[in-house]
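Student: Hey, could you walk me through this one? I'd like to ask things as they come up.

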Amino acid sequence: MLERINKAYKQIARANQTLGRRINVMEVCGTHTVSIFRAGLRDVLPDCLKLLSGPGCPVCVTDQGYIDAVLSLSERDDIIIATYGDMIRVPGRNGSLEQKTNKGNIKIISSAQDALNLAKQMPDKKILFVAVGFETTTPATAVLANEALNEGIKNLFIFSNHKLVIPAMEALLSEKNHRIDAFLCPGHVSVIIGSDAYKPIVEKFKRPCVVSGFEPMQIIIALSEICSQLADGTPAVASLYDAAVTPQGNKTAQKITNESFDIVDGYWRGLGKIAKSTLKLKEKFSSLDAEKQLGIQFIPEEDLSGCRCGEVLCGLIDPVECGLFANSCMPDTPVGPCMVSSEGACAAWYKYARRKRQN
Amino acid sequence: MASGEKILLAHGGGGRLTEELIRSIILPAFDNQILSGLTDSAELQIGKSSICFTTDSYVIKPIFFNGGDIGKLAVCGTINDLAVSGAKPLAISMALIIEEGLEIQTLQKIIASAAQAAKQQNISIVCGDTKVVEAGSADKIFINTSGIGLKMPQAKLGFGQISPGDTIIVSGTIGDHGMTVMSQREGIKFESSLKSDCAAVTEICTNLVEIFGDDIKFMRDPTRGGLAAALNDIAGQTSHGVEIYEEKIPVNPTVKAAAEMLGFDILNIANEGKIIAVVSARKAQSCLDLCRSLPIGRDAAIIGTIAKNAEPLVELITAVKGRRIVQTPYGRELPRIC
């Protein structure tokens, strides 16, 4: 292990010398963020390598307007809201789902399939499935939509706000002031989209994209690869995740996703509107589409006052540099999206590295 | 707490919100020194004897899980609160709140299981109560148990006994109960290999206290909030730092995988048949050997120390030699997506 770490140190030092400044690597995925904090990796890495926490938590990037739209249905007695657990603490303009759970009509589920089961168990209720997530959860929603349509289920409604990772990465690199030298790319998303999906980023922006697993040593090895590319000036796509990541990805999952969703422009909390970044159900599923069937009003968010999540997500500042962090914005009273999920950059920072602020 | 606020599920999660609720509403109203200590059981002086007295309610879903059920849990949980207080459990009570419509057969199974758990520990269930509420007013069955135990004369336990340099022992793998229950609740099929550790810890506690006396400084069963909550309590109450080593903490690999899959930190996950013990460094190895000689403690390990010259925080030294702060969980653990 030590040998591996020393090897990584050498590559980091080499890249540092080539660039003549600190190296900024963005971990795109929230699971990486948590893994890095849990392992205390920031302590282990030299100061000349900075890890930026990117937008890779689907809950973090959920627009307030979307939450408000879901909340607006929570008062209706005929509706059961089926949601992934980490969504319930995400604040909209008028509170969060957690504050509404006392009516018993908000059910926490751990798979899209559970929403279908709820619909069958409660035929006299309308089940609203809060469909969020990146490429890893989208295929499950697609399967759900197809099954519900085939089985003629009439009381299941899907409110899709699925997001695509690549357009967000491109949007970050198109920011004038971004500080991103390379991306640490998420293993599980890459299993679906394939490592070739990062090729346009490497070609257009000349940034290394290295796919890594979530174990601390895997992350260290991936950082070593990134720094070696930066030192040699040879940005490329590399996959260090196990054999599960192929260049083309999971064709079956991609096919059902493509057949079920249209790609549209969408709002990302803190990042604003990103072109062709969000998935909406195709016309053939309109009988299941919550926006069409339940009269949902979806008004995109305005600025969150004082919240600098956008800059945190873009890698421009650390969470501690935001005035709200650990003051009015805490895990139990989150203002911005990055404090909400256990994977959010601010929540992870608060939980694992708060001492840095005290020093 | 502001008026108009409502109770959230997280208020019952055993984390910071639970503590806030107790400190702001319950303690000021009941205002007495015994309760204010917020120990696992209340110690009452009756004549020349010290009696430990404790109570706990059990509201678990599902009511049957691999390795136990709500009946066994209700008996073992209360026995354990007495045992970690250095008391030999004497007798317990059991009050049932049953939802209309529960199958009689289900109740029979639960009661038989509770009876068996009590018998194994040589404890009698000596009083009780039964209430039935209309369908929808409770979820199948809720159980409250209270228990009394005789404090062992050798027991010199308490936060005040803990000093820097002491050693922290955990009696076995962590997270088994919480991950078993959550996996079953989430319908994730780990059941065959995940099993709750639900068990009485009396044997391990009484042996430690009887043999090592005041070298045993403190014991706790890390239930809700897991190891993180218990260790933070030690740091908070003693104003000493706590250092634990990731590599030394025993975890069943399947439990670890399930926790990772659902996005949980294993340190926050509930245990129902484990203790942590803070012991003097000079007796640490002998205490560990004793734990390991008992079936329930065969996976026991020394996981850390009470730090010298440190802030009152719990710090984990990770496998890659990084350090991170372990905090009391906020409330309810939420499964996450992707």
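Tutor: Happy to; we can talk about confidence, a sheet, a helix pair and a couple of spots in chain B.

Student: First up, is this predicted or experimental, and what is the average pLDDT of chain A?

Tutor: This is a predicted model. Chain A has an average pLDDT of 88, and 96% of its residues score at least 70.

Student: Where is confidence lowest in chain A, and where is it highest?

Tutor: The low point of chain A is helix 16 (residues 355-358), with a mean of 44. The high point is strand 6 (residues 156-160) of chain A, at 97.

Student: OK, on to the sheet. In what order do the five strands of the open sheet in chain A come?

Tutor: The order is 2-1-8-9-10, and the pairing is parallel. At the edges sit strand 2 (49-56) and strand 10 (237-239) of chain A, each pairing on one side only. On average, neighbouring strands of this sheet are turned by 25° against each other, direction ignored.

Student: How many bridges join strand 1 to strand 8 in chain A?

Tutor: Three bridges join strand 1 (residues 23-29) of chain A to strand 8 (residues 182-186) of chain A, and the two run parallel. One to look for is A:Val25, whose bridge partner in strand 8 of chain A is A:Ala182.

Student: Which helices pack on that sheet?

Tutor: Helix 2 (residues 30-38) of chain A does, touching strand 1, strand 2 and strand 8 of chain A, and its direction makes about 120° with that of strand 1 of chain A. Helix 10 (residues 216-232) of chain A packs on the sheet too, touching strand 1, strand 2, strand 8, strand 9 (209-212) and strand 10 of chain A. The direction of helix 10 of chain A makes about 165° with that of strand 9 of chain A.

Student: And strand 2 of chain A, is it mostly buried or exposed?

Tutor: Seven of the eight residues of strand 2 of chain A are buried, so this strand is largely enclosed by the rest of the structure. Strand 2 of chain A pairs with strand 1 of chain A in the parallel sense over six bridges, and A:Lys50 in strand 2 is the bridge partner of A:Asn24.

Student: Switching topic: how do helix 5 and helix 6 of chain A cross?

Tutor: The axes of helix 5 (residues 112-121) and helix 6 (residues 138-150) of chain A come within 8 Å and cross at roughly 25°. An angle under 35 degrees counts as roughly parallel, so helix 5 and helix 6 of chain A are roughly parallel to each other.

Student: What classes of residue make up their contact?

Tutor: The contact of helix 5 with helix 6 of chain A has seven nonpolar, two polar and one charged residues. Among them are A:Ala115 and A:Leu116 from helix 5 of chain A, and A:Val143 and A:Glu147 from helix 6 of chain A.

Student: Now chain B. Which way do the residues of strand 8 point?

Tutor: B:Thr167 and B:Ile169 point one way from strand 8 (residues 167-170) of chain B, B:Ile168 and B:Val170 point the other way, and all are buried. Strand 8 of chain B pairs in the antiparallel sense with strand 11 (residues 276-279) of chain B over four bridges, and also with strand 12 (residues 301-306) of chain B over four bridges.

Student: Last one: where is B:Ala259, and is it buried or exposed?

Tutor: B:Ala259 lies in helix 8 (residues 253-262) of chain B. B:Ala259 is buried, with 23 other C-beta atoms within 10 Å. Leaving aside neighbours within four places in sequence, B:Ala259 is in contact with B:Gly175, B:Met179, B:Phe264, B:Ile266 and B:Ile269.

Methods. Residues are numbered from 1 along each chain as its sequence is written. Chains are lettered from A and ligands numbered from 1 in the order in which they are written. This is a predicted model: local features need pLDDT of at least 70, side-chain atom pairs count only at pLDDT 80 or more; totals for chains, interfaces and linings use all residues. pLDDT is the predictor's confidence in each residue, from 0 to 100. Axes are lines fitted to C-alpha atoms, for helices over the stretch in contact, and angles run from 0 to 180 degrees between N-to-C directions. Angles under 35 degrees count as roughly parallel, over 145 as roughly antiparallel, 65 to 115 as roughly perpendicular and the rest as oblique. Two residues are in contact if their C-beta atoms, placed from the backbone, lie within 7 Å. Ala, Val, Leu, Ile, Met, Phe, Trp, Tyr, Cys and Pro count as nonpolar, Asp, Glu, Lys and Arg as charged, and the others, Gly among them, as polar. A residue is buried if 20 or more other C-beta atoms lie within 10 Å of its own, exposed if 12 or fewer, and partly exposed in between; C-beta atoms are placed from the backbone. Two strands pair if DSSP finds at least two bridges between them.
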